[in-house]
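Here are my notes on this model, as numbered points. Please read them with the structure open.

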Amino acid sequence: MSWIKARPYVMIFPAILVFTLFFLYPIGYMIFLSFHDWNFVSPVKEFVGFSNFTSLMEDAKFLQVLRNTFMYSGLTVFLTISISLLLALWLNKKGAMYGMVQGAIFSPHIISLVSISMLWMWIMDTDYGLLNWFLGLFGITNIPWLTDPKTSLLSLIIVAVWKGIGYYTLIFIAGLQSIPRDIYEAAALDDTNRIRTFFKLTLPMLSPTLFFLTIIGLIGSFQVFETISIMTKGGPINSTNTIVYYIYENGFRFFKIGYASTAGVILLLIIGIFTVFYFKLLGRKVHYQ
Amino acid sequence: MAEIRLENIVKKFNEDTVVKNLNLTIQDGSFTVIVGPSGCGKSTTLRMIAGLEAPTSGDIWIGDECVTHTEPGKRNIAMVFQNYALYPTMTVRKNIEFGLVNKKVPKAEREVLIREISDIVGLTEHLDKKPQQLSGGQRQRVALARAMVKKPKVFILDEPLSNLDAKLRGQMRRELIELHQKLGITFIYVTHDQVEAMSMGDQIILLDKGVMQQVDNPMKMYHDPNNVFTAEFIGTPAMNIVKRTEMDRYLPDLFKKAAFVGFKPEHALLVDEEWAISNYVIMESEILTTETLGAETIYAVRNEAGMMNIKSFTEPITNTKKIHVAVAYDKLYFFDIAEERIRHSYSHNTIPLSQVKKPALVGGN
Amino acid sequence: MKKNPFWKVINGIGLLLLICIFALPFVWMISTSFKTLGETMTFPPNWIPNQLLWENFSKAWNSGPFLKYFLNSTIVSVGILILQFATIIPAAYAFARYRFKGNNFFFGVTMVTLMIPTQLIFLPVYLQMSAFGLLDSLWGLILPFASSAFGIFLLRQSFKQVPEELLEAARLDQASEWKIIIKIMVPMAKPVLITFAMFSFIAHWNDYFWPLVMTTTEASRTLPLGIAKLREVDGGVAWNILMAGNLILVIPILIIFFFGQRQIIRAFVYTGVK
Ligand SMILES: Nc1ncnc2c1ncn2[C@@H]1O[C@H](COP(=O)(O)OP(=O)(O)OP(=O)(O)O)[C@@H](O)[C@H]1O
Ligand SMILES: [Mg+2]
């Protein structure tokens, strides 16, 4: 009898242990560290209260990092979702050609970010890059994509959008296909035009997908690291430095563990507030069937 | 011996008491049918016998062994589920074999058993198919085979035929009865269909809201209901039951102790108006609807006591709406205020129909 | 609707353009990996190399302990997969099928870990690993991913859909819970498990971040790190060698993708839709 009582706990134990050791405890530890000053080697962790938080908030570089992170995430998610939605409406058809296109636009999603970063480094190369060669055909020459602070973040956003579009499009297509045909037929009988049909029927029916993709898209973008680390190293002049890269630099290059942890805690807080807010506010407007 | 006894069985789900103090004995080798309206606790009772659900209190005995705390797999019970519950990823053969493997029956012996059983249920050609490739009736047979192959002492079936169409259902009913005779083991069969219960069972247990209403053989159940619930449950259409006060004008004083009076639709006669004899209740009525079913006709009539159903086996009446309903006194059932049956010792001589001077306009029975 | 031939042509051109935007970079990658260094600099780019320089691959492979990287990548990706299966199957079964105190709580904990970006908490995990003495070892790359909240979530959904009657039938057939999981639940959830396996394998095969953070010596580095290091070879970037290396990294995934395209796409989409 007691074995039967204990059994479910035994079965979830390994998974919960992993989560505790590598998620929950680290989060707690990170919060702990954010109140301390520590350089990773010294035996003492000096308690400093909120001073890490206050100095971070006054640190112009960190503020720029935050701005970069939000700019990057917001734009990436917005562009990916809008373009994918259009592509989905276009590509949601049967036929070998459409299947091929769907496969092609999806392919970047399974390629390592390492390869993608290198590929795009070359594509965006000022002198030998494919992109400038192509733009050159239209008379636009020598855009310093990755080396000019004005365009560097945008360049990374382009890469992220290029990589993400295929996945999002396919999810939207799946969403479109799950909308029952008969509501379109009903709309057609009511003589509804296409634009109206899209905004009044399709979009509301897609809202759960839209909602879900926004959430996972933002959470995914907040942790961008690979493209930055390989393509720009956060530069030029911090124009592409975002939060995970910032934590990495502070922790592993400057050994400011407390400082780095605080940055992590701040983003965690932001994600937390944002998620709750998003679920509370928008969650109600989402149309679930 | 595999007589099954339930002693003071109570089952609660949270605060809901679903089975209320059930005491019953299911005889060894019987074909016992548990019947009752939806949600009355049939499945729950069955699942407690199988060990899939533990009773809140009380004991369950199989033979002279108390199995209240025995695991389902160890009770020597096989069960056929309403939706068959075949393992969808296994072939028919593997489905039948699964329990045997778990019981560690040697391979050679398993082969023999499977061949034997699939022969009985006529599945031999389908052994290597997956359940999805079979028809409803074939799936049903796989479920039966899977249960039978374990040579259980008790065979439990929970509404096994409800997913089949009417024709197949009839056929499977006969096959199940034959199977029962062939195997000679105890069958417990759940249904909410009283026709199925009447035609299959040699013992019927009627449940309502978790309380046992009556246990009897089918004919007794039909002729001698214990209470209003049984009377209304068995038979189509159901027994007509009206408040005695509504019937007063038609009844002799003799019957005025009862709270309810009832009679079966097939026991009523439709007669012409001047015809009146003693020992019959005569009710002047109007025909509302006529339902012709071929061999029989069902009328819905209205009179001063209310609405009633009358079943007759002669040609339908088409020429008039006004008739008289006649019911012999000895075909009346009486119930007290608690809806329990009052069994009358009233003896009377109903005059046989043949001696009645004026023939019935349209006669039943 | 649009039978107009003009629109048909426009539509076709649009589709071709789409394919170009997404496929040309890979075509370039393949073509570059066969070129001489000089040819990589030609402008506009040569789509078909003048000759096939296979030695770029051996150069890339021999520029570091690539066999080691390759083995490490394989061990890590497969090891993670095995551990994940071992932890998520029982957990998902318990969450889906048992009522016990704390079911909702522990499942909630699992879902919270799903919402937290893993790369955000690498620093404390790193310190944790260092405390365990697992830094710079393959264990350090495997253990943090030994379970998957996402996998549990998917599998629980799928286990929940199995009708209760089926389990009861199995219990009456004297099957132990363990046997029910292995013989009934897992086969029924096979599509989801394959989906998850591909998802997980691709993610960890491609992973650059964790090995970068958790390893310090060649002995425990994986392929993506090795490839990234190719860039730092003596001064200027040898694009041909670099792309040859990338092709080595991508090929296993491309092979899987080639054979299981439908399944993989369905897998990723499925994980997104649920
Ligand atoms: N696991 C459970 N938890 C809570 N209540 C339950 C559970 N199982 C059954 N019940 C309740 O117990 C009552 C009896 O259910 P049971 O399944 O025994 O009915 P039944 O007689 O088999 O009905 P049917 O003919 O519809 O199958 C119902 O009211 C049902 O809601
Ligand atoms: Mg039932």
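1. Helices here are DSSP runs of H or I with at least four residues, numbered from the N terminus. On that basis, helix 1 of chain B gives the most to the shell around ligand 1, with 3 residues. Keep in mind throughout that this is a predicted model.

2. Which residues are around ligand 1? A run of chain B appears in the list: B:Ser38, B:Gly39, B:Cys40, B:Gly41, B:Lys42, B:Ser43 and B:Thr44. The others are B:Phe13, B:Val18, B:Glu159 and B:His192. By class, this shell holds 3 nonpolar, 6 polar and 2 charged residues.

3. Polar distances to ligand 1 deserve a look. From B:Gly39, a backbone N or O atom lies 2.8 Å from an oxygen atom of ligand 1. B:Gly41 also places a backbone N or O atom by a ligand oxygen, at 3.0 Å. B:Thr44 uses its side chain instead: a polar atom there lies 2.5 Å from an oxygen atom of ligand 1. How much of ligand 1 does the protein bury? Taken alone, ligand 1 exposes 630 Å², and the protein buries 59% of that.

4. Next, the interface between chain B and chain C. On the chain B side, 25 residues are in contact with 15 residues of chain C. The size of an interface is often given as the accessible area lost when the parts come together. For chain B and chain C, the buried area is about 1800 Å². Carbon and sulfur atoms give 60% of that area.

5. Charged and polar pairs across this interface can be listed briefly. Between chain B and chain C there are 2 salt bridges. One of them joins C:Asp173 to B:Lys150, with the closest N and O atoms 2.7 Å apart. Residue pairs in polar contact between the two chains, both at pLDDT 80 or more, number 10.

6. Which elements of chain B supply at least two residues each to the side that touches chain C? They are helix 1 (42-50), strand 6 (77-80) and helix 2 (92-102). Helix 2 of chain B provides the largest share, 4 residues. By class, this side of chain B divides into 14 nonpolar, 6 polar and 5 charged residues. Helix 1 of chain B therefore belongs in both discussions, given the DSSP numbering used: it contributes to the shell around ligand 1 and to the side that touches chain C.

7. Finally, chain A. It has 12 helices and 2 strands. Along the sequence, the pattern is α-β-β-α-α-α-α-α-α-α-α-α-α-α. Its C-alpha atoms fill a box of roughly 75 × 75 × 35 Å along the principal axes.

Conventions:
Residues numbered from 1 in each chain as written. Chains lettered and ligands numbered in written order. Predicted model: local features only at pLDDT ≥ 70, side-chain atom pairs only at ≥ 80, totals over all residues. Heavy atoms only, no water. Contact = heavy atoms within 4.5 Å. Buried area = accessible area lost by both parts, 1.4 Å probe. Salt bridge = Lys/Arg side-chain N within 4 Å of Asp/Glu carboxyl O. Polar contact = N/O pair within 3.5 Å; in protein donor to acceptor, adjacent residues only side chain to side chain. Nonpolar A, V, L, I, M, F, W, Y, C, P; charged D, E, K, R; others polar. Near = heavy atom within 4 Å. Areas by Shrake-Rupley, 256 points an atom, 1.4 Å probe, with all protein chains shown as cover.
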